[in-house]
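Dear colleague,

Please find below the structure that I am handing over to you, together with its sequence. My findings follow directly after it.

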Amino acid sequence: MPFDPKQLEDPDPIYRPAPFWAINDKLEPDEVARQAREMREQGFGGGFFHSRSGLVTEYLSDEWFAAFAGSLQTGRENGFLTWMYDEDLWPSGFAGGRVLDHDPDFAERYLKIAKADEELSDRATPLAYFRLRFRKNGVLKSFKRCEGPSSDDDCYVFYVELMAPTNRFGGQPYADLGNADAMRVFIEMSYESYRERFPDELGTLVPGCFTDEPAVHNPPDGAAWSKNLPEAIRQRYGYDIVDYLPLIFFHGKGYEKIRYEYRRALNLLFVEAFSQQISEWCEQAKIGLTGHYLAEDSLRSQISTGGATMPHYEFQQIPGIDFLCLRLEHEITMHQVRSAARQMGRNKVLSELFGVTGAQCTFEDQKWIGDYHLVHGVNFFCPHLTLYSMRGQRKRDYPPTISYQNPYWPVYRRLNDYFARLGYALGEGTPVCDLLVLHPVGSGYVHFNPGQRVGPPQDDSQMAALDEDFMRLTQGLMQLHRDFDYGDEEILERHGRAEKGKLRVGQMAYKVVVVPPSLTWREPTVRLLEEFVAGGGKVIFVEPVPKLVDGVKNKGLKGLLKEKGVQVVTNHAGVLERALARVHTRDCSLRAGGREAPGLLYQHRLVDGCDVYFVTNTNREDTVGVQARLKGQGPVTLYDAFTNTQYRLPAEQDGDYVKCDLRLPPVGSVLLWIGGSAEDLPVWRWPAPAQQTIELSNSWQAQPRELNACTLDLASVEAEGIDPSRRAVYRIRRDLQRGLGFGQLIGLQPWRVIYQGHNTDSGKNVTLRFEFESAISGEGRQLFLVVEQGMGDRVKVNDTELDLNTDQWHWDIHFRKIDIAARVHEGTNVVEISYEPYDFLDEVEEIYLVGDFGVTMTAPDRALLVEQPEGLRSGDWVQQGYPFFSGRMVYRQEIEVEKQDGKCYRVVLHRPSGAAHIIRVNDMEAGFLTSHPWQADVTDHLKSGKNLVEIEVVGTMRNTFGPLHLKKHIPWVGPGDFERDDNWEPMYHFHPYGLLEGAAIEVTEAPK
């Protein structure tokens, strides 16, 4: 389709982010519809209807589909798209346990080794016995198959063991994803159930389905296996793999060939049984398959979860990845998915992102991560996570929650619009890339050592070196601004051909091929390289060069290495750059200090005859100024995706290139269009240096937009056989679950507990007792207790029972908000919550106070309610009465300015801390700030004389919901991190918020 500029103003839902919508409680269709409307209003195009931890409504029941239909009804009204998700929890493939309910033989299975006289479990089936002899270095000297078990030291049994049932998979094992029969049952149960009920909506209101982390796992003490693997190897390679099982585990003569063929056959089974079958179903249903595979991040990790990841992407209509934590890594993951997408002609590439970064994740954090995706060609975002319900364990589900419960929700559309506009622009046209790097996962098949409990450990250095070399090469090319794609051997065999000095792979054509450090390649790949070189193509081998073809020594490789047009170089960026300079013409140079600026990344596309470049600064601390030299003809337009505004960027033509200066602040990015018309556009000027700085007062009038909060997360308990001492609520919850006889149910989904008919009634009463100190009375003020639904049958405050029948709520519709102002007095106050009796499905959680009060920490682990502050000073609001506050704070002060002609004025924030920041001058918005340089031009809003300056700091949920007691910082925030005894301490650890170092007015010369 031709590029449509109107999409940049308000992109259609299909181009907008669609979050994981955590469907995680008892579902009400009206509430589902309400949340869908909220999501659409905040700029999401849809949501992935994702069963998550805490689901009470039976998965795939009539009630489940009634809730799904509630979302569809919203879609009919406003275009909201409801994306399917194919599993209860994850990884995909077991249908919430029902695949194994159908046939226990569909269980995932593993190949393991033990001493022959060891007693095996009842889930184990011996395959073969071998006598094994080893050299001193652990290498296998010889192996010989024997008739049966023996107590001799050199006799071992190789056996297949079915996975044990686990509550994580609904009380069943995970499924064998290399078993086509099992996956047909999975498709029937998961996918077909949607088509039966919504045949007309599939392909319209339901555009696709997410599959999540499917895998064929290698256990820590064994190797991956599949029921059909021996027959697959027999058909493909003509031998019985059982005769060579020792070589899967141990290095020995000929192990390279056996390991290579075993791993490749297993990978192809997985691709064909799972991805290809589901893809064909999706094609018939006219929806797109998307999602991501487990552990795509490195050669080792993807081999450990089923083999090569890239072959799966051929069968995804919307190829996808995940990207977790607050850090920029996963370069291999990014290049794998975007390379396959380009080659298969897919213009939409998904990422599940922002998850586990913690509730404190800001808009700048999300922009940093989002721009990193966009520059790598990932243009469809699945933010993690939008919670249907926050009650109970659900609130700890890998934060942040990007949903109506969050204080930044009312302004989140601004970020969604930004991502949607760039996602649309960078999904149009065609990518420009003519450099291919072969993907060496086949060498990893040889080097990867399975886990083992017996026998000498095997040398792992070769696998580690392969991963390290591949990453060094990948990062080196990125830093050199030599854009490239990966070439997977399975995709190359099906879609690659040499043609007139180019190597074509599907929709892409490459002029230069880089062969990374490697050991072995497939025979069709070597033949393709020979044809490519014979036609004038250029190949660069990076040492160490390969020695094997299909795991076997091959003399033909030596001949290829000597061909004209082939270079052999070391794995060093400078050496590689000199080799590339001889054979490859770059399209982009971003130079600073006489070299390519390593912190900047770019993507180049051709859109409607224009060269389009997206450039981002991955550095979070430094502004980077570069001279850009970009291939293209014509004027340069700079596009601001936050405001949907275009500017003409001064540039000069230099032959086939344009030259311009770029200055990118930390986390900064630009979208540049070269060509077309830009004469009528305003000229872009980089911010001028300040000539004068007027520091604003550190004393502010301040008004919280939400009620202040105080979290009560320590309690004592009264229950038979349970320690009554005051301690963390999570420890009480754990003690109750185990001490009252429900240990075997921990980890089961609530719906599965109900579905399987487990008794959840303990028959015993439980009372939780919370205390809080107050220096103020509740009379005449707002003061509420917030208690989650499912917490107790009776609630008392200072011995007075509360009426729990209320339609008031706070944060989440499942959180009851009860007025207790008349019951709170100075001194110690007590809240009692009674369960009569306690049921396993009850919630045992923290409780909250909200109101117009302040909070002072009288000790690192003790809070005191006090009068609410009348104002704030510049600095951390945690220290000024708002330690637990989750909301938005408006700072105000009046300033006097003598406005001068020929001058520009901007408000500058010094080290602000919040999710986002809104600048208003004289009641007019002058800036919405998400990242550096934390400044807004207010020239048109200021007047001579008195002016009212407002700075709204938009907070997050971090200081209310935590984790609040971590001794050590963690980069990954998941449910377990709220409950880790080894990283918990009584002291509260709060995140700082507010105008930490104040603000100023800067005066500059107006542009001429």
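Two strands are taken as paired if DSSP finds at least two bridges between them. The model is a predicted one, and the findings are grouped by topic.

**Sheets**

Under that criterion, β6, β5, β7, β4 and β9 form, in this order, an open sheet of 5 strands with antiparallel pairing. Its edge strands are β6 (140-146) and β9 (223-225), each of which pairs on one side only. On average, neighbouring strands of this sheet are turned by 35° against each other, direction ignored. Within the sheet, strand β5 (residues 124-134) and β6 are held in antiparallel pairing by 6 bridges; R131 has K144 of β6 as its bridge partner.

Another open sheet comprises 6 strands in the order β52-β38-β53-β59-β56-β57, and the pairing is again antiparallel. Here β52 and β57 (924-929) stand at the edges with a single partner strand each, so one side of each has no neighbour in the sheet. The average turn between neighbouring strands of this sheet is 30°, direction ignored. The pairing of β53 with strand β59 (residues 945-954) is antiparallel and runs over 10 bridges, with V954 of β59 as the bridge partner of R888.

Strand β40 (residues 714-718) deserves a separate entry. Of its 5 residues, 4 are buried, and the strand is mostly covered. β40 is joined to strand β41 (residues 727-728) by 2 bridges in the antiparallel sense, and L714 has A728 of β41 as its bridge partner. β40 also pairs with strand β42 (residues 766-774), antiparallel and over 3 bridges; in this case V717 is matched with L768 of β42 as its bridge partner.

**Helix packing**

Helix α12 (residues 363-375) packs with helix α13 (residues 413-425) at an angle of about 10°, and their axes are 11 Å apart. Angles under 35 degrees count as roughly parallel, and α12 and α13 are therefore roughly parallel to each other. On the α12 side, F363, Q366, K367, G370, D371 and L374 make the contact, and on the α13 side L415, Y418, F419, L422 and G423 do so. The residues of this contact divide into 6 nonpolar, 3 polar and 2 charged.

**Aromatic residues**

The count of aromatic pairs comes to 74. One of them is formed by W877 and Y993, which are stacked at 5.7 Å centre to centre with 20° between the planes. W877 lies in the loop between β52 (871-873) and β53 (888-897), and Y993 in the loop between α22 (958-961) and β60 (994-995), so this pair ties together parts that are 116 residues apart in sequence. Both W877 and Y993 are buried. There is also an aromatic cluster made up of W21, F49, Y59, W64, F65, F68, F80, Y194, F198, W751 and Y755.

**A buried leucine**

L785 is part of strand β43 (residues 783-788). Its relative accessible area is 0%; buried means under 20%, and L785 is therefore buried. Leaving aside neighbours within four places in sequence, the residues in contact with L785 are V795, V797, L802, R816, K817, I818, I820, V831, I847, Y848 and L849. The C-alpha atom of L785 is separated by 28 Å from that of D981, a residue 196 places away along the chain.

**Backbone geometry**

Several backbone details may merit your attention:

- E836 and P837 are joined by a cis peptide bond with omega at about -5°. P837 is located in the loop between β48 (827-835) and β49 (847-851).
- H932 and P933 are likewise joined by a cis peptide bond, with omega at about 10°. The loop between β57 and β58 (935-937) contains P933.
- V667 has a phi near 65°, a positive value in a residue other than glycine. V667 belongs to the loop between β35 (657-664) and β36 (669-674), and V667 is buried, with a relative accessible area of 1%.
- N798, which is not a glycine, has a positive phi of about 50°. The loop between β44 (794-797) and β45 (800-801) contains N798.

With kind regards

Note on methods: Residues numbered from 1 in each chain as written. Predicted model: local features only at pLDDT ≥ 70, side-chain atom pairs only at ≥ 80, totals over all residues. Heavy atoms only, no water. Axes fitted to C-alpha atoms, helices over the stretch in contact; angles between N-to-C directions. Parallel < 35°, antiparallel > 145°, perpendicular 65-115°, else oblique. Contact = heavy atoms within 4.5 Å. Nonpolar A, V, L, I, M, F, W, Y, C, P; charged D, E, K, R; others polar. Buried < 20%, exposed > 50% of the residue type's maximum accessible area, 1.4 Å probe, protein only. Phe/Tyr/Trp six-rings, centres within 6.5 Å; stacked < 30°, edge-to-face > 60°.
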